[in-house]
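Thanks for coming. I will take one model today and go through its sheets, a helix, a cavity and two single residues. Please have the sequence and the structure open.

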Amino acid sequence: MTVWCCRCSLASHFRNYCNPETDGQFLNSLVQYLGDSLGTNVKTMPLLEETTLPVDAPLTLPMVIIGNGPSGICLSYMLSGYRPYLSPEAVHPNPILHSKLKEARHLSLVDQELEYLSEGLEGRSSNPVAVLFDTLLHPDADFGFDYPSVLHWELEEQHYVPHMVLGKGPPGGAWHSMEGSMLTISFGDWMELPGYKFKDWAATKRRNIKCDRVLPEEIASYYKHYVKIMGLQKNFRDNIYITSVSRLYREQDHENESQGKEHVSEQHFQMQEQEGQNTPIKRNWEIRGYQRSADGSHVPFCLFAENVALATGTFDAPGRLQVEGEDFPFVLHSMSDFGAAIGKGILCGKTDPVLIIGGGLTAADAVLCAYNNSLPIIHVFRRKVTDPNLIFKQLPKKLYPEYQKVYHMMCTQSVSNVDSNLHSSYISFPEHRVLSFQSDMKCVLQSAAGLKKILKFSVALVLIGSHPNLCFLKDQGQGIGHNPNEPITCKGNPIEIDPYTYECTKEPNLFAIGPLVGDNFVRFLKGGALGIARHLTKRQKLQLIVERGGDGMP
């Protein structure tokens, strides 16, 4: 079995991500891409057995981004040299922040102190840089204002950081697999990425955006087009599945490095030519996986990276109840499976209700889908309907009428308020949990008081959130969360990071962005890209200062 190994600097010779490639074409394009970027004569791609290492080890990428959703796309945008500046005519409604911005308006945000700028700001993210960037892109958005961004963007190619973005599907990530009939929670302009307005994209497609909220398929198409129109596609590879990300050396090597570079194993470094000088690139991470070809075959690969950014989101693994009978084929865990069952007519003519478990918006989408298809519904959730943490309590009624309709049914058509014969088209079971599913399509519920009920259903749909799939990390990344004894979740246990650099506090040179660090809305994940770009730029400047000092330069 052979693998392909990536060599160092990224330039402009990757094919467009939407063009299908055979195995050989993929390798050849990579050879051409890498050879031109290095300015060397690369005649053949070095291939090796999966269990061996090459004699002439491949060079190292400064950054590999795992995940090609909006988090990965935005980070690629900034690493490609795009820089945000305060617009000359802009006036931010926050006078203190505006005064800070004016102090260094000749500098891009990437070259400013983010801790100073974000001090005192408040918003709907626990990450200060996310709040800062959001208020610059959407000033006072949470107060209902529609002020324009105070930033403008400039492409400074000298700041390009060689990187690669790896994703399972086309750019846009999980947005391509979301249920297409439901509107997004966020407004369309909150979903857009820097430098290209969503409404401008819609105009090119001759789409009339009738309301502020849009369909997921429109957002997915926008993200895919964004990568192309912003010239980022050379950095993207799709149909990529990561099987392992492992560190090549641990802390003792850092101690050796502090005693002098001559004591560090040469295999940990690779020289990269930049601006006529050789710059050491540390080989911190080994990334292995495979690319799935059009014929279904797998092409394994191995590459090295100085830094890795986790941008996988949390849509990969649906949450499970972990109860008896959950693996029965009539117990579903996704809206797509439910939609497929309806589309195939499997539920047509069924008299038993659809059992929907979950108290969030995805469960509400399922309620609406079943209701619109005239299917009777039993809706089970753990919280009280008066719980202030229910998402429905946090949504403005005028902007989200369909969810307010579901919430109204949850409150007024609960099992304690309707006829006990359960013939209503919708019945909610607040403060109940599932104990088990049975083979005869019955479910055992238990109330908060401990009372048990057995209900008959036609199909069960478990929609209790989703979790990231970090199976390529040791212990699925469990050790890098705020609680190292619990699995990573976007709400309960996100990855612990430095709030200004987004570097994992427990793993140097490993970064995380987006839902993995608690930023579940697109409008806030952009701050992670700014923090990472700022940190890499600052680190590169410090390295140049050290090198010039060593050469006797001022």
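**Sheets, helices and two residues**

Let me start with helix α11 (residues 361-372), which lies across β15, β16, β17 and β21 and runs at about 170 degrees to β16. Angles here run from 0 to 180 degrees between N-to-C directions, with axes as lines fitted to C-alpha atoms, for helices over the stretch in contact. Helices (H or I, at least four residues) and strands (E, at least two) are DSSP runs, numbered from the N terminus.

Before going further, the ground rules. This is a predicted model, in which local features need pLDDT of at least 70 and side-chain atom pairs count only at pLDDT 80 or more, while totals for chains, interfaces and linings use all residues. Residues are numbered from 1 along each chain as its sequence is written, and side-chain values use heavy atoms, with hydrogens and water left out.

The pLDDT is the predictor's confidence in each residue, from 0 to 100. Its mean over the chain is 80, and 77% of the residues reach 70 or more. Over residues 1-57 the pLDDT is below 50, and that stretch has 124 contacts in the model beyond near neighbours in sequence. Residues 251-266 are also below 50, with eleven contacts beyond near neighbours. A contact means heavy atoms within 4.5 Å. Where pLDDT is low, the predicted coordinates should not be read in detail.

Now the overall count. The chain has 13 helices and 23 strands. Of its 554 residues, 51% are buried, where buried means under 20% relative accessible area, exposed over 50%, and partly exposed in between (1.4 Å probe, protein chains only). Among contacts with a separation of 6 or more, 68% are between residues 24 or more positions apart.

Back to the sheet under α11. What is the order of its strands? It is an open sheet of five strands, β14-β21-β15-β16-β17, with parallel pairing. Two strands pair if DSSP finds at least two bridges between them. β14 and β17 (426-429) are at the edges with a single partner strand each, so one side of each has no neighbour in the sheet. Helix α10 (residues 335-343) also packs on this sheet, touching β14, β15 and β21, and its direction makes about 155 degrees with that of β21.

Strand by strand, then. β14 (residues 331-332) pairs with β21 over two parallel bridges, and Leu 332 stands opposite Leu 461 in β21. On β15 (residues 354-357), four bridges lead to β21, again parallel, and Ile 356 stands opposite Leu 461. Further along, β16 (residues 377-380) is joined to β17 by four parallel bridges, with Phe 429 in β17 as the bridge partner of Val 380.

Are the residues of β21 buried or exposed? In β21 (residues 459-462), Val 459 and Leu 461 point one way, Ala 460 and Val 462 the other way, and all are buried. In a regular strand the side chains alternate between the two faces of the sheet.

The next sheet is antiparallel: three strands, open, in the order β18-β19-β20. Its edges are β18 (432-438) and β20 (452-456), each with a single partner strand, so each has one side without a neighbour in the sheet. Neighbouring strands are turned by 25 degrees against each other on average, direction ignored. Six antiparallel bridges join β18 to β19 (residues 442-447), and Gln 438 stands opposite Lys 442 in β19.

One helix elsewhere: α5 (residues 128-137) is mostly covered, with nine of its ten residues buried. Among the buried ones are Val 129, Leu 132, Phe 133 and Asp 134.

Finally, two single residues. Arg 292 is in strand β11 (residues 285-292) and, at 38% relative accessibility, is partly exposed. Which residues does Arg 292 contact, leaving aside its neighbours within four places in sequence? They are Asn 239, Tyr 241, Ser 297 and His 298. Asn 239 is 53 residues away along the chain, yet the two C-alpha atoms are separated by 5.4 Å.

Ser 246, in strand β8 (residues 240-247), is partly exposed too, with a relative accessible area of 28%. Leaving aside its neighbours within four places in sequence, Ser 246 is in contact with Asn 284, Trp 285 and Glu 286. From Ser 246 to Ile 287 the C-alpha distance is 6.7 Å, across 41 residues in sequence.
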